[in-house]
Amino acid sequence: MARVLIIDDDPTISYTLARVARRSGHEVDFARTLGEGRDCAQNAEYGAIFLDVILPDGDGLTLLPELAAHSYQPMILIITGAAEPDGAANAIVNGAWEYIQKSASISHIGQALERALRHREKQRAAAQNQEKPLSREKIVGNSPALNRALGMVEQYAASEVNVLITGETGVGKEMFARAIHNNSRRQRKPFVVVDCAALPETLAEGMLFGHCKGAFTGADRERKGLVLEADGGTLFLDEIGELSLELQKKFLRILQERTVRPLGGAQEYSSDFRLIAATNRNIEDMVAAETFRSDLLYRVKELHLPLPPLRERQEDIQELAQVFVDSFCAQYGLAEKLLDAELQDVLRSYSWPGNVRELRNAMNFAVTAARHEPLLYSQHLPQEIRIAVTCGRMEASPARLFPLPESKFELPSLHDYRIEAYRVIESQYLADLMTLTQWNIKEACEISGLSRSRLYALLKEHKVLQNKTSASS
Ligand SMILES: Nc1ncnc2c1ncn2[C@@H]1O[C@H](COP(=O)(O)OP(=O)(O)OP(=O)(O)O)[C@@H](O)[C@H]1O
């Protein structure tokens with residue numbers, strides 16, 4: 001809603017213009033002379049100014065350049081009783097938005113005012129975007145995937161439509177939601193977080209929509225509710241997939257009408273909030289399973305910001321880890337620390353199911369474990385991360401002879417391990433030898449350097465002969 005100034009000495013016209021503006025919810029100030037108009041425009045910010053041409057202390061058009069030069073860029077609509085084509089042209093050249101005759105209908109004036117205010121909003125949003133580079137807030141990383149997401153933040157911040165942010169737990173959904181808000185024209189208004197997973201079923205409606213005193217047992221005072229608290233700002237519905245079907249239905253209505261009726265109250269209040277929602281669940285699957293309303297999904301997902309898991313943007317891991325280490329060192333009053341190369345390798349090899357949050361916690365652990373050591377090693381990491389990386393490497397290794405035992409208690413002595421390994425290798429060799437020589441014993445003896453009798457003995461011991469017999473029978 002805007003603030004509108006009417007500079008006109010005719011009370012009937014001023015009254016009509018004020019009615020038009022107030023009907024659309026704008027606030028109105030009046031000035032009857034050039035002097036009063038100048039003072040008002042200097043002391044407050046107006047979205048639009050109606051300016052009469054003939055005023056008691058002079059020609060309204062002489063004030064036009066001064067009004068147009070105000071940094072808040074008011075839209076100026078010239079009002080005059082006489083049709084003056086030259087004056088109209090002059091006014092437009094000097095920065096007026098439109099030239100309106102006093103005889104114009106109320107709806108014509110109303111439409112002209114709304115058009116002007118909309119245009120001003122657009123201009124200001126575009127100017128804001130051009131002038132200010134995107135503020136990344138504290139978002140760290142430079143991978144192509146992260147930069148793509150930041151590009152979307154910039155684009156979405158300039159818009160007003162609802163956004164759904166998806167991604168695994170800990171990828172930074174709330175951080176990106178705040179970045180959209182903080183880069184939008186709503187940045188100075190509240191960013192209200194609703195954790196849908198933590199809403200107690202019985203109190204949810206009161207918390208969201210507010211309640212009057214005495215609306216239910218325990219409602220000993222009035223409560224505004226989170227939806228109304230977000231008026232002018234952004235409402236962030238975290239974990240939207242956890243909303244009950246009942247609350248989904250209520251939210252859909254609020255999104256459609258942008259009004260809320262607190263529990264126990266008769267009056268509806270409007271709330272001008274922008275909605276950003278987030279989830280780590282597959283909402284489309286939930287729609288298919290009828291646990292999430294498809295009509296709500298369409299409303300919430302007017303824009304989509306998918307955030308990639310950390311393992312798909314390994315380029316960010318080292319920078320993130322170093323930033324976290326620096327911040328924990330500063331927090332604990334420790335000297336700066338660097339990351340050893342092998343530790344960096346372990347960080348890149350781990351799959352980070354808890355994403356950036358898990359990395360942050362791991363670095364906190366490592367800094368605490370290392371205390372005054374200037375270099376962090378992989379030994380400083382939480383044990384479960386080191387074990388997972390070691391197991392992953394062993395499983396990935398093609399040279400592995402035996403599967404990894406479940407625990408250290410299943411490991412044999414090195415002597416027994418060697419004997420068993422020797423037996424496996426020997427068996428493999430004999431099988432390869434007989435296959436590749438096509439059971440030509442003479443050739444097999446020549447290649448292996450074994451005597452005939454020794455070869456037969458070994459084939460028998462390893463059941464290679466037996467296998468051949470059974471294969472050919
Ligand atoms: N790119 C990043 N740069 C710096 N810190 C980050 C980044 N991404 C996430 N974090 C940090 O990781 C932690 C988790 O982030 P956030 O709470 O935004 O994740 P989320 O996806 O909303 O998690 P959840 O699904 O569990 O609610 C926070 O401490 C946040 O500051």
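**Exercise 1.** Which residues touch the most other members of the largest nonpolar core in this predicted model?

*Solution.* Start with the whole set: the largest nonpolar core has 61 residues. Within this set, I165, F176, I180, V227, L235, A321 and L359 touch the most other members. Next, look for the element behind it: helix α15, spanning residues 355–370, gives the most to this core, with six residues. Finally, turn to the domains: domain 2 (149–308) and domain 3 (312–396) each supply at least three residues to this core. As background, nonpolar side chains tend to be buried together in soluble globular proteins.

**Exercise 2.** Leaving out residues up to four places away in sequence, what does L235 touch?

*Solution.* Find L235 in the structure and look around it. With those sequence neighbours not counted, L235 touches V192, V194, L226, V227, A230, F273 and L275. Then move on to a second, separate core, which has 36 residues, V20, Y46, L55 and L67 among them.

**Exercise 3.** Why is one side of β9 and of β14 left without a neighbour in the sheet?

*Solution.* First, write down the strand order: this open sheet of five strands runs β9-β10-β13-β8-β14, with parallel pairing. Now go to the edges, where β9 (191–195) and β14 (303–306) stand; each has a single partner strand, so one side of each has no neighbour in the sheet. On average, neighbouring strands here are turned by 20° against each other, direction ignored.

**Exercise 4.** How many bridges join β8 to β13, and which residue of β13 is the bridge partner of V163?

*Solution.* Take the strands β8 (residues 163–166) and β13 (residues 274–279), which run parallel: four bridges join them. Then pick out V163, whose bridge partner in β13 is I276.

Terms used
Residues are numbered from 1 along each chain as its sequence is written. This is a predicted model: local features need pLDDT of at least 70, side-chain atom pairs count only at pLDDT 80 or more; totals for chains, interfaces and linings use all residues. A nonpolar core is a set of buried Ala, Val, Leu, Ile, Met, Phe, Trp, Tyr and Cys residues joined through C-beta atoms within 7 Å. A residue is buried if 20 or more other C-beta atoms lie within 10 Å of its own, exposed if 12 or fewer, and partly exposed in between; C-beta atoms are placed from the backbone. Helices (H or I, at least four residues) and strands (E, at least two) are DSSP runs, numbered from the N terminus. Domain bounds come from an automatic or database domain assignment. Two residues are in contact if their C-beta atoms, placed from the backbone, lie within 7 Å. Two strands pair if DSSP finds at least two bridges between them. Axes are lines fitted to C-alpha atoms, for helices over the stretch in contact, and angles run from 0 to 180 degrees between N-to-C directions.
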